[in-house]
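Me: I am new to this one and would like to understand how its parts get their labels. Could you take me through the reasoning step by step?

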Amino acid sequence: LFFSLLIITLSFVPVFTLQAQEGRLFGPLAYTKTYAMAAAAGLSITLIPVLMGYWIRGRIPDEQRNPITRALIALYRPALDAVLRWPKATLVVAVAVFATTAWPVMRLGGEFLPPLDEGDLLYMPSALPGLSAQKAAELLQITDRMIKTVPEVQRVFGKAGRAETATDPAPLEMFETTVQLKPRDQWRPGMTPEKLVEELDRTVKVPGLTNIWIPPIRNRIDMLATGIKSPIGVKVSG
């Protein structure tokens, strides 16, 4: 039990090497799992043996009398005998199986958490502070009409300011417009998500608004992990 828990604990060591967004997302999981497994491993060699001495009493039946154990041994023993009888062939098969993983490994990307194509976009511009509610509603309608002129856009709906909940601290000058896109087979020939974002950015030009185009789920992850609504931000302190 101790060594099995120790192996599980060591398997999470590579997670501690993750950086940036991946490290912020999976770091707490790795720490929690490692601390729990380390505590369980410590208890397995300190408290568990003592409790076994108090609670396990009487005659302990032979493990060979357990039908499940006998079935597992019946399946395992022929395989073990074959491996011991032909050790060289076993090594060759193991190396061949390991070699088959070379091609998938070379096809893997270099980013642990690559961006996903969610199919929709979130337009989150920032206006100047002190914006009135009437002006915010006017700007929201103007930007919605501009976005709707792009042929690949199916539906546009957004809000200015925060929702009717205390958990949304968005100020009035912060817009959130969800841009629902049409299916890919209805896009213009040669249009890609990158080109679509560039066209939307050229189309929506309003003085005083700074455009941000980002997938909705990616935006929520960025805001939860860093507190910034865009993939790149500059923090000024002092």
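Me: What makes residues 36-56 a helical span, and how far apart are the end C-alpha atoms?
Reply: This is a predicted model, and in it residues 36-56 are 90% helix and 0% strand. The end C-alpha atoms of that span lie 25 Å apart.

Me: Which feature does UniProt place at residues 36-56?
Reply: The record, an unreviewed entry, gives "transmembrane region" for residues 36-56. An annotation of this kind may be inferred rather than shown by experiment.

Me: Thanks! What is the overall make-up of the protein in helices and strands?
Reply: The protein has nine helices and four strands. Their order along the sequence is α-α-α-α-α-α-β-α-β-β-α-β-α.

Me: How does the reach of helix 4 compare with the expected value?
Reply: Helix 4 covers residues 67-85, which is 19 residues. From its first C-alpha to its last it reaches 27 Å, close to the 27 Å expected at 1.5 Å a residue.

Me: What makes N66 a cap for helix 4?
Reply: A side-chain oxygen of N66 lies 3.0 Å from the backbone nitrogen of I68. A polar contact needs N or O atoms within 3.5 Å, and N66 with its 3.0 Å caps the N-terminal end of helix 4.

Me: Why is T34 called buried?
Reply: The cut-off for buried is under 20% relative accessible area. T34 has 15% relative accessibility, so it counts as buried. T34 is found in helix 2, residues 20-45.

Me: Which residues is T34 in contact with, leaving aside its neighbours within four places in sequence?
Reply: They are T9, F12 and F16. There is also a link to A30: its backbone oxygen lies 2.7 Å from a polar atom of the T34 side chain. Here is a helpful general point: an α-helix has 3.6 residues a turn, so residues three or four places apart point the same way.

Me: Is E199 buried or exposed?
Reply: E199 is at 16% relative accessibility, so against the cut-off of under 20% it counts as buried. E199 lies in helix 8, residues 193-203. Leaving aside neighbours within four places in sequence, E199 touches V150, P151, R188 and M191.

Me: And what about a loop residue: why does L209 count as buried?
Reply: L209 has 11% relative accessibility, and because buried means under 20%, the label applies to L209. L209 sits in the loop between helix 8 and strand 4. Its contacts, leaving aside neighbours within four places in sequence, include Y123, P125, L139, T143 and F175. The C-alpha atoms of L209 and F175 are separated by 9.8 Å, although the two residues are 34 residues apart along the chain.

Me: How much of the protein is buried?
Reply: Buried residues make up 24% of the 238 residues.

Me: Now the sheet, please. In what order do the four strands stand?
Reply: The order is 2-3-1-4, in an open sheet with antiparallel pairing. Strand 2 (153-160) and strand 4 (213-214) each have a single partner strand, so one side of each is left without a neighbour in the sheet. Helix 7, residues 133-148, packs on the sheet and touches strand 1, strand 2, strand 3 and strand 4. The direction of helix 7 makes about 165 degrees with that of strand 2.

Me: How do you know that strand 1 and strand 4 pair?
Reply: Pairing takes at least two bridges, and strand 1 (residues 120-123) shares two bridges with strand 4, in the antiparallel sense. In this pair, Y123 stands opposite W213.

Me: Over how many bridges do strand 1 and strand 3 pair?
Reply: Over four bridges, in the antiparallel sense. L121 stands opposite V179, and L122 has T178 as its bridge partner.

Me: Over how many bridges does strand 2 pair with strand 3?
Reply: These two are joined over seven bridges, again antiparallel. K159 stands opposite E176 in strand 3.

Me: Why is strand 3 said to be largely enclosed?
Reply: Five of its seven residues are buried, so strand 3 is largely enclosed by the rest of the structure.

Terms used:
Residues are numbered from 1 along each chain as its sequence is written. This is a predicted model: local features need pLDDT of at least 70, side-chain atom pairs count only at pLDDT 80 or more; totals for chains, interfaces and linings use all residues. Side-chain values use heavy atoms; hydrogens and water are left out. Contact means heavy atoms within 4.5 Å. Axes are lines fitted to C-alpha atoms, for helices over the stretch in contact, and angles run from 0 to 180 degrees between N-to-C directions. The expected span of a helix is 1.5 Å times one less than its number of residues. A polar contact is a pair of N or O atoms within 3.5 Å; within protein, one must be able to donate a hydrogen and the other to accept it, and residues adjacent in sequence count only if both atoms are side-chain atoms. Buried means under 20% relative accessible area, exposed over 50%, partly exposed in between (1.4 Å probe, protein chains only).
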